[in-house]
Amino acid sequence: MGYAVEFGAGDGRFSCYGKYARYVGYEVDAERVGQRQLPANARLMNACAFSVNEADADVCIGNPPYVRNQDLPEGWRETVGPTLKARVGVQISGLANAWQYFFFQALASTRDDGLVALIIPYEWVSRPSSKPLREYIKSKGWSVDVYRLPDSAFGRVLTTSSITVVDKAGIGRWRYFDTDEVTQEFVAAKTASLGNRKVLDYSKARSRKAVAKRGLSPGTQKVFVLTEGERVRLGLRRDRDVVPAITTLRTIDVNDASLTNEYFERNYVLAGMRCWLLRIDRDPSRELSLYLNSVPVAARNTATCNGRDVWWKFAMPESPDVLVSVGFRGQAPKCLKNEIGAKAVGGVSGIYCSSKKATNKVVAGLRSAKLKGRLVSYSTGLLKLEINQLNGLLDEILDEEN
Ligand SMILES: C[S@@+](CC[C@H](N)C(=O)[O-])C[C@H]1O[C@@H](n2cnc3c(N)ncnc32)[C@H](O)[C@@H]1O
């Protein structure tokens, strides 16, 4: 029975449960405050969570707002960031989502032996942008329990949620819990989940034998990557006007295939896939110029195209040795050895290798990778490798060689 606070409390519904001596919730939305009849010992304040300097709460609970860093109101980060830095001494990442600020505020507002229990994205245990938060908690020696919620819990947000509990009186122990599919009860995470150590590391491409780079984002694939039918209709010639490009590996079975001319022709060209990237690394031919001039403004009205001096002029990437799909289901990402100099576009990343030996090793290593449980899955069951995680994986694959 102690003092509980909540930041971003909505209508104060959490105060209707549990036992406490006193509860104070802070909520900026005036409409929500007063919407609900609260217990006599609970009070809801219509105030910003960062306008107060609480420091003696026994417990801080909450379900902080999920607002991506690029959607935060202008000036918000610049005001709240320094306030928190002064309180906890940590510079919050410019990529941080709003809930991270609430997490720091919760940690700062509780007593030295207090508890913080928040509903936040599960990925905080692994994302680089949450590293300052993890480091801060580790440096204090607090204990952390992370309960992974079933993916359906918050269907509206495309991310897996957790109830994360930080025990400031703890001994620096981190534990993870999953929801049992049958009983729906929490069970200690063994192998299926993302344990502390098993999280796939992010790497700054240490290995010089292979480096992964993101696929080209030309602006809009509809305009820049053509199907065979479109190419022929427009009178564009292979090699002179377009080069092979791979935008997806989804539809193909890649078990031991390499991207040869024959494979490309059958699975991409004749299959009607977008597979011809415009060749803009030299002066466009008459036909290509005609095409570029005929593209309606509305069709190329993207931030990428609008940000260029000449809307269609992108830097042509090198051709990678291996093409790999960064989104995948199952254990391993699909990959193809690139024998025709195709470009990697969109969700297909390119891996650049220093030798044929490294290329073969990378392909074999990627295909036999077991990544389920080492990556945070999206609620759709899709796994996604960030480029630096892919580089971390390459380090693992190539290190074995030594
Ligand atoms: C995800 S809702 C949670 C509400 C409630 N706890 C619940 O579970 O229903 C987050 C709340 O934070 C509030 N909020 C956003 N920014 C805030 C701020 N700077 N200070 C206080 N509340 C804020 C939003 O208005 C919203 O009601």
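Strand E8 (residues 174-179) and strand E9 (residues 186-188) run antiparallel to each other, paired over three bridges. Within this pairing, Thr 179 sits across from Phe 186 of E9. On E8 there is also a parallel pairing, made with strand E6 (residues 143-148) over four bridges. There, Val 144 has Trp 174 in E8 as its bridge partner. Two strands count as paired if DSSP finds at least two bridges between them; helices (H or I, at least four residues) and strands (E, at least two) are DSSP runs, numbered from the N terminus.

| Strand pair | Sense | Bridges |
|---|---|---|
| E6 and E8 | parallel | four bridges |
| E8 and E9 | antiparallel | three bridges |

A word on the model: it is predicted, so local features need pLDDT of at least 70 and side-chain atom pairs count only at pLDDT 80 or more, while totals for chains, interfaces and linings use all residues. Residues are numbered from 1 along each chain as its sequence is written.

Now to the interior. The largest nonpolar core holds 91 residues, and among those touching the most other members are Phe 103, Ile 246 and Leu 323. (Such a core is a set of buried Ala, Val, Leu, Ile, Met, Phe, Trp, Tyr and Cys residues joined through C-beta atoms within 7 Å; buried means 20 or more other C-beta atoms within 10 Å of a residue's own, with C-beta atoms placed from the backbone.) Helix H2 (residues 98-109) contributes the most to this core, nine residues. Because domain 1 (48-188) and domain 2 (210-399), with bounds from an automatic or database domain assignment, both give residues to the core, it lies between them.

Key. A residue is buried if 20 or more other C-beta atoms lie within 10 Å of its own, exposed if 12 or fewer, and partly exposed in between; C-beta atoms are placed from the backbone.
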